[in-house]
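Please open the structure in a viewer and keep the selection tool at hand. The tour proceeds by stops, each with something to select and a short account of what is there.

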Amino acid sequence: MTVKVCKAKTMEETSREAVATAVQRVAGMLQRSDQLDKVEQYRRREARKKASVEARLKAAIQSQLDGVRTGLTQLHSALLDVKDIQSSLADVSKDWRQSINTIENLKDVKDAVVQHSQLAAAVENLKNIFSVPEIVGETQQLIEQAELLQAHRKLMELECSRDDLMYEQYRMDSRNTSDMHLISIYFEDVQGLSDELAKQLWMVLQRSMVTVRRDPTMLVSVVRIIEREEKIDRRMVDRKKQTGFIPPGRPKKWKDKMFEVLEGTVSTRIEGTQAVTREADKMWLVRLLEITRKYVLDDLIVVKNLMVQCFPPHYNTFNRFFRLYHNAVSMRVKELASEDLEANEIVSLLTWVLNTYKSVEMMGHPELCSECDIHQLEPLLPREVVDDLLSKYVKTFTSNITGWLRKALETDKKDWQKDTEPEADQDGYYQTTLPAIVFQMFEQNLQVAAQIDGDFKEKVLKLCLKQMNTFLLRYREEAVSYKEEHLRDRQLPQCYVQYMIAIINNCQTFKESINSLKRKYSQSSEPTDSDAAIERTLNEVAKEGCQFLLDEVFLDLESHLNELLTRKWLTGSHAVDTICVTVEDYFNDFNKIKKPFNQEMTSEALRRVVVEYIKAVMQKRITFKNPDERKEGAERMMKEADQFKFLFRKLAGEDTDWLCGAITAIAEVFKLTDPTLLFLEVSTLVSKYPDIREEHIQALLAVRGDASREMRQMIIGTLSENKVSHSGVTQSIFKDDVVLNLRMCRLLKMNKPL
């Protein structure tokens with residue numbers, strides 16, 4: 001009742017929706033007055049649409065009724081068929097119950113059929129069964145004669161007979177183990193033949209590199225036998241899935257065994273390359289690696305050109321051997337890396353592993369690279385092993401190079417004590433062998449490091465420079481000790497000056513060699529901390545060496561310098577002549593000093609001579625008593641200043657007027673005859689040499705001897721008021737460190753006889 005009410009409501013709602021839709025459509029058609037003329041036309045069109053829809057509905061309903069009618073007919077037919085089948089099954093069930101006894105009576109027939117099948121198999125193999133001992137003997141003889149294919153054919157016949165008999169026995173009674181055992185005993189020699197043949201196959205494969213050169217057909221025969229056995233294995237495995245039976249010894253898996261043998265053969269060839277040991281030959285590792293390289297390359301070329309043809313294409317023979325050799329070499333170098341290698345051995349191993357292995361000399365050889373991509377090979381050594389070896393090498397290298405440098409310096413120090421002059425280079429400059437020895441060591445180690453890779457080369461170069469800086473500090477200490485030893489007895493060593501010159505020249509050679517190493521082995525042009533430290537130390541060593549030589553000169557000049565500006569000097573001393581001759585004589589040796597050190601040394605020698613001369617004035621060793629003495633002393637000073645100018649212009653080829661002019665300017669103060677003009681002359685001196693101080697002026701006026709106390713105070717006071725700053729002066733000669741103060745001057749004057 002509820003369903004009917006719902007359906008009635010649904011019909012009413014549908015009718016209302018239809019009416020509303022129709023009203024809406026009519027309203028849409030008649031929106032304008034001119035559309036009223038087409039009402040009849042609209043009506044006929046809607047009537048046609050209605051008739052068309054009613055016709056389609058009638059056709060659809062008729063089709064549904066026809067389908068229902070057909071379905072009912074088919075269901076009735078199926079019902080009749082089910083009844084017929086039910087009746088037939090009842091008849092079959094009745095017949096089956098009646099034939100149970102008959103089936104049980106046929107069991108004897110079934111057993112007879114199985115037995116007949118066994119007997120048929122036995123009859124078929126009867127000839128082989130009776131001739132098993134004979135065939136076994138023939139097969140054994142063929143194996144011994146290396147007629148492997150024929151031996152394998154007979155072996156297959158024997159195995160086939162045995163396997164067929166066992167299979168038939170298994171089919172008849174799988175639980176009858178006694179008969180199976182009887183068959184196994186009868187054919188027990190067959191398994192021995194199989195094992196013996198396998199040994200021959202593995203022997204041929206183990207010598208495959210030799211066999212393929214001499215008799216490739218033998219290797220082909222081995223591969224054919226293994227392929228046959230693989231087919232039999234597959235057939236037997238498939239039959240086992242169906243019947244559960246598999247003959248003894250199956251599957252043989254000779255193909256897998258073949259690859260194991262080949263892998264062992266490759267490993268044996270790689271391991272067998274070590275013919276010498278470290279104890280017998282220091283170059284054992286280099287020889288071992290070279291033999292390995294040659295063996296691997298030769299073997300792979302043989303594989304490509306000869307062995308590939310002996311194996312089926314699907315074996316991918318070359319790539320397989322390529323991987324086998326790569327793995328064997330990798331295992332071998334890992335063993336070598338784990339040994340306690342020396343520094344040179346580490347480099348040899350890493351150079352071979354990182355460079356030689358993939359080069360055209362080995363795996364990248366033109367005959368091989370067409371067959372494989374060497375870039376796909378995994379590294380022979382893991383990165384962490386390489387890093388460990390490099391760290392070990394750096395540690396050993398650091399220790400070794402420290403010892404080498406110490407030994408080189410000790411050897412050079414022994415040369416310093418020789419009675420013969422050091423060797424000179426092609427330009428005549430003294431030198432020792434120390435720079436050549438040091439940089440030959442650096443060069444050799446950098447060449448070795450460059451063979452490994454660029455980053456390691458840079459690391460070794462930085463290490464060399466760091467060690468060089470430490471070495472130069474020691475070199476400086478030894479040079480100072482050499483000078484101090486000489487001062488204890490200036491007669492020894494006899495060639496002190498010449499070897500000190502060589503030490504100075506070595507500094508320039510070190511600089512040039514370092515720059516050469518950096519240009520050759522460094523990709524970076526940026527200066528490092530080590531560069532600055534080395535440059536600074538070399539300059540200090542050279543500067544101190546020059547100072548030591550000048551000290552040697554002035555030790556010889558000391559007595560003559562002490563004669564300057566004394567009564568003896570005024571009366572006609574030849575001190576300056578002797579000074580000039582001595583300096584020139586020393587500088588004949590100093591010409592063997594390289595630039596720029598020789599130029600700096602000449603300039604310093606002139607400065608020290610002038611300073612010593614001025615110091616003699618400031619020490620007031622003499623006081624002129626009258627104008628004649630002042631004139632004579634001034635003229636002598638001017639003459640000696642000219643001597644110094646001539647000498648050092650000759651030695652250095654430079655302008656010496658400024659320094660020597662200080663002596664001349666002082667002489668002008670002494671030469672002045674009118675004391676009233678003394679202030680003007682002193683002012684001129686001060687303007688030329690702004691670093692002059694009150695103590696200097698007082699000393700000059702004291703030596704002149706005619707300046708009253710009031711005049712000296714006036715001159716000094718006036719100059720102090722008009723004092724000009726000399727902070728910007730780049731050169732100075734009236735330094736604190738070369739001039740005695742007034743108090744010291746007074747003490748000297750008190751103790752100095754006139």
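**Stop 1: a charge over a ring.** Select K252 and W254. The charged end of K252 lies over the ring of W254, at 4.7 Å from the ring centre. Please bear in mind throughout that this is a predicted model.

Keep K252 in view and add E159, E229, D233 and R250 to the selection. Together with K252, these residues are linked in a network of salt bridges. K252 therefore belongs on this stop twice: its charged end sits over a ring, and a salt-bridge network includes it, a bridge being a side-chain nitrogen of Lys or Arg within 4 Å of a carboxyl oxygen of Asp or Glu.

Next, select R269 and Y295 for another charge placed over a ring. R269 lies over the face of Y295, 5.2 Å from the ring centre.

**Stop 2: the whole chain.** Clear the selection and display the chain by secondary structure. There are 29 helices and zero strands. The chain has 754 residues, of which 41% count as buried. Its accessible surface comes to about 43100 Å², and carbon and sulfur atoms account for 52% of that area. Among contacts with a separation of 6 or more, 76% are between residues 24 or more positions apart.

**Stop 3: the aromatic cluster.** The structure contains 20 aromatic pairs. Begin with F439 and F510, whose ring centres are 5.8 Å apart; their planes stand at 50°, so this pair is tilted. F439 belongs to helix α17 (residues 434–452) and F510 to helix α19 (residues 496–521), so the pair ties together parts that are 71 residues apart in sequence.

Are these two rings buried or exposed? F439 is buried, with a relative accessible area of 8%. F510 is also buried, at 0% relative accessibility.

Now leave F510 selected and replace F439 with F471. The ring centres of F471 and F510 are 6.2 Å apart and the planes are at 80°, so this pair is edge-to-face. F471 lies in helix α18 (residues 454–488) and F510 in helix α19, so parts 39 residues apart in sequence are tied together here. Both F471 and F510 are buried.

To see the wider setting, select W416, F439, F442, F471, Y475, Y482, Y496 and F510, which form one aromatic cluster.

**Stop 4: salt bridges.** The structure holds 38 salt bridges. Select E443 and K520, which form one of them, with the closest N and O atoms 2.6 Å apart. This pair links distant parts of the chain, since E443 is in helix α17 and K520 in helix α19, 77 residues apart. K520 is exposed, with a relative accessible area of 51%.

Move next to E640 and R636, whose side chains meet in a salt bridge of 3.5 Å, N to O. What separates these two residues along the helix? They are four residues apart in helix α24 (residues 627–652), which means a separation of about one helical turn. E640 is buried, with a relative accessible area of 3%.

Then select E695 and R693, which also form a salt bridge, their closest N and O atoms being 3.6 Å apart. E695 is partly exposed at 27% relative accessible area, and R693 is partly exposed at 25%.

**Stop 5: a lysine in helix α6.** Select K154, which is placed in helix α6 (residues 148–172). Why does K154 count as buried? Its relative accessibility is 17%, and buried means under 20%. Which residues should be shown around K154? Apart from neighbours within four places in sequence, K154 is in contact with I135, E138, T139 and L142.

**Stop 6: a nonpolar patch.** Finish on the surface by selecting V26, L30, L36 and V39. These residues make a nonpolar surface patch of about 310 Å². L30 is found in the loop between α1 (2–29) and α2 (39–105). L30 is partly exposed, with a relative accessible area of 33%.

Technical notes
Residues numbered from 1 in each chain as written. Predicted model: local features only at pLDDT ≥ 70, side-chain atom pairs only at ≥ 80, totals over all residues. Heavy atoms only, no water. Buried < 20%, exposed > 50% of the residue type's maximum accessible area, 1.4 Å probe, protein only. Contact = heavy atoms within 4.5 Å. Areas by Shrake-Rupley, 256 points an atom, 1.4 Å probe, with all protein chains shown as cover. Phe/Tyr/Trp six-rings, centres within 6.5 Å; stacked < 30°, edge-to-face > 60°. Lys NZ or Arg CZ within 6 Å of the ring centre and 35° of its normal. Patch = residues over 30% accessible without salt bridge, like charges linked within 9 Å, V, L, I, M, F, W, Y side chains within 5 Å.
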